[in-house]
Amino acid sequence: MPLRVIQGTLVHAQSANQPLQILENNVIGVDKNKIIFVEPVECLSELSAQHGFELDEVHNINGCFLMPGFVDTHIHAPQYVYTGTAMGLPLLEWLDKYTFPVEAKFDDLKFATDAYHKVVHRTLKNGTTTASYFATIHKEASLKLAEIAAKFGQRAFIGKVNMDSNSPDFYVETTENSIQDTEWFIKQVQSMNNPLVTPIVTPRFAVSCTLELMKKLAELAEKYNLPIQTHLDENEGEIALVKELFPQFSSYANVYRACGLLTNRTVLAHCIYLDDDEIETLRSHGCGVSHCACSNFSLKSGVLDLRKLMTRDVKVSLGTDVSGGYTPSMLGSIRQSVIASNVQECQQRNGYRSVDFKEMFYLATLGGSKVLGLQNKIGNFEVGKDFDAILVNPEAANSPFDVFHSTYSDTIEDVVQKFLYLGKFASLNFGEKQAKTYNWYSCDLTDTNGE
Ligand code: GUN
Ligand code: FE
């Protein structure tokens, strides 16, 4: 694969404190998937001599900008089949009434294959180049999800879900089967030998797992050096139940800690009701939080104080939590997270500063990569990382917003902000080879196709 050189505007986050850097008139060089240079266009002839490419091979993205692909740190792939419906019940009733009956259907590999094609396609179409998925308890269907993500070139953490208690008869495992199937699944995914897909150990939440299962899962994560994901402190009814089931522990986070599930590669979804000790526990163990604002509003779980976690140095990121959250779009997550943070500012006042769109852009890209332990691979355009990008054309036909270059003079930052608030991905250049080779998705913005 020849060296690829792209010229134009790059938009990315450098760090939490520099969440939106705009590099106009830059050139980025990509060799064997890796970024080998990012330099101002003035260096072009020097670079062409140094790296041996012709100037007429440079691809100019005129009028568009490149940004890192979105990282969705929490999404339930099987729940995509009922996204946009079945909202309004509190978490535990919602799980019983809607979620478990649907997830049980993934026993049928044909049904699972169809649904998983759709969710991978749909998330890619929305610019999610990396996702951390919960699948279901079924090992074959979970493996199918890994195969489909690999086929389409999406970077994915895939979790076979574990549940051995407080679950319906039609959707539960024995502790022994749960462990055996998980180990089988881990080995199968690892033997695919595809750098894009990684198994992730996935106890659903403390309610549906025995201590024995959670401890054994932590051992598996250690044995195979794997990340872990679960839910924590999402809903008041859930928290009360965890207290009742595990009275020997002083907090919900301590249940996971006692089992060895809190590591610097653990992703904890929601975390709305953390007390101060739990915040400190997450920080000191280096755990990451996936903030799922759309789900928190849709299931009326609560409003997370995201700023507080950021101030206390807990790693944070954004997730869609499909289908507790009704949109598979990370743009949707960004928007609802801005609103959630504004609600906090309205309620707290006293100089409270909400998390703004630039910081949300950071959380949806580089922040997500840090939570998944992929900060050396993806998340921004640093030399040495994989080239994992989406190309945004703000002036595509039927774009859902106007750009005012002359009459009102939008800056590039304004255009990026308009994209984050109003943009939609509608068409995707799905050259499979391109996707596999570059993890680069070319997206036009139009208002003709839904999310
Ligand atoms: N807690 C346990 N399972 C789930 C789930 O599927 N979705 C959400 N939002 N919370 C959970
Ligand atoms: Fe969830």
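What follows is a set of questions and answers on the ligand site, cavity, pocket and two backbone features of a predicted model.

Trainee: Which helix gives the most to the shell around ligand 1?

Mentor: The residues around ligand 1 include His76, Gln79, Leu91, Trp94 and Leu95. Others in that group are Arg204, Phe205, His231, Glu234, His270, Ser295 and Asp321. One helix spans residues 91-104 and gives 3 residues to the shell, the most of any element; this is helix H2.

Trainee: How many residues of the shell around ligand 1 are charged?

Mentor: Arg204, Glu234 and Asp321 are among the residues around ligand 1. By class, the shell has 4 nonpolar and 5 polar residues, and the number of charged residues is 3.

Trainee: How many Å lie between a polar side-chain atom of Glu234 and a nitrogen atom of ligand 1?

Mentor: Polar contacts here are pairs of N or O atoms within 3.5 Å. A polar side-chain atom of Gln79 lies 2.8 Å from an oxygen atom of the ligand, and one of His231 lies 3.4 Å from a nitrogen atom. For Glu234, the partner is a nitrogen atom of ligand 1, and the distance is 2.7 Å.

Trainee: What percentage of the accessible area of ligand 1 does the protein cover?

Mentor: On its own, ligand 1 has 280 Å² of accessible area. The share of this area that the protein covers is 100%.

Trainee: What is the space taken by ligand 1?

Mentor: A search of the whole structure finds 1 cavity of 30 Å³ or more. About 100 Å³ of space lies in the largest cavity. Of the 13 residues that line this cavity, the closest to its centre are His76, Leu91, Trp94, Leu95 and His231, and these five are also listed around ligand 1. The space taken by ligand 1 is the largest cavity.

Trainee: Which element gives the most to the lining of the largest cavity?

Mentor: The lining of the largest cavity divides into 5 nonpolar, 5 polar and 3 charged residues. The top contributor to this lining gives 3 residues, and that element is H2.

Trainee: Which element gives the largest share of the lining of the largest pocket?

Mentor: The largest pocket holds about 350 Å³ of space. Of its 16 lining residues, the closest to the centre are Ala16, Asn17, Met310, Asp313 and Tyr362. Two or more residues each come from helix H11 (306-311), strand S14 (315-318) and helix H13 (357-371). The largest share is 5 residues, and the element that gives it is H13.

Trainee: How many residues of the lining of the largest pocket are charged?

Mentor: The lining of the largest pocket is sorted by class. It has 7 nonpolar and 3 polar residues, and the number of charged residues is 6.

Trainee: Which residues does a cis peptide bond join?

Mentor: In this bond, omega is about 0°. One of the two partners lies in the loop between S14 and helix H12 (330-348), namely Ser323. The cis peptide bond joins Val322 and Ser323.

Trainee: What is the value of phi of Ala86?

Mentor: Ala86 is placed in the loop between strand S5 (70-76) and H2. Its phi is positive, in a residue other than glycine, and the value is near 55°.

Key: Residues numbered from 1 in each chain as written. Chains lettered and ligands numbered in written order. Predicted model: local features only at pLDDT ≥ 70, side-chain atom pairs only at ≥ 80, totals over all residues. Heavy atoms only, no water. Near = heavy atom within 4 Å. Polar contact = N/O pair within 3.5 Å; in protein donor to acceptor, adjacent residues only side chain to side chain. Areas by Shrake-Rupley, 256 points an atom, 1.4 Å probe, with all protein chains shown as cover. 1 Å grid on protein atoms, 1.4 Å probe; cavity = no way out; pocket = protein on both sides within 12 Å on 5 of 7 lines; lining within 4 Å. Sits in = over half its atoms within 2 Å of the grid points. Helix = DSSP H or I, 4+ residues; strand = E, 2+ residues; numbered from the N terminus. Nonpolar A, V, L, I, M, F, W, Y, C, P; charged D, E, K, R; others polar. Points joined across faces, edges and corners; volume = space filled by probe spheres on them.
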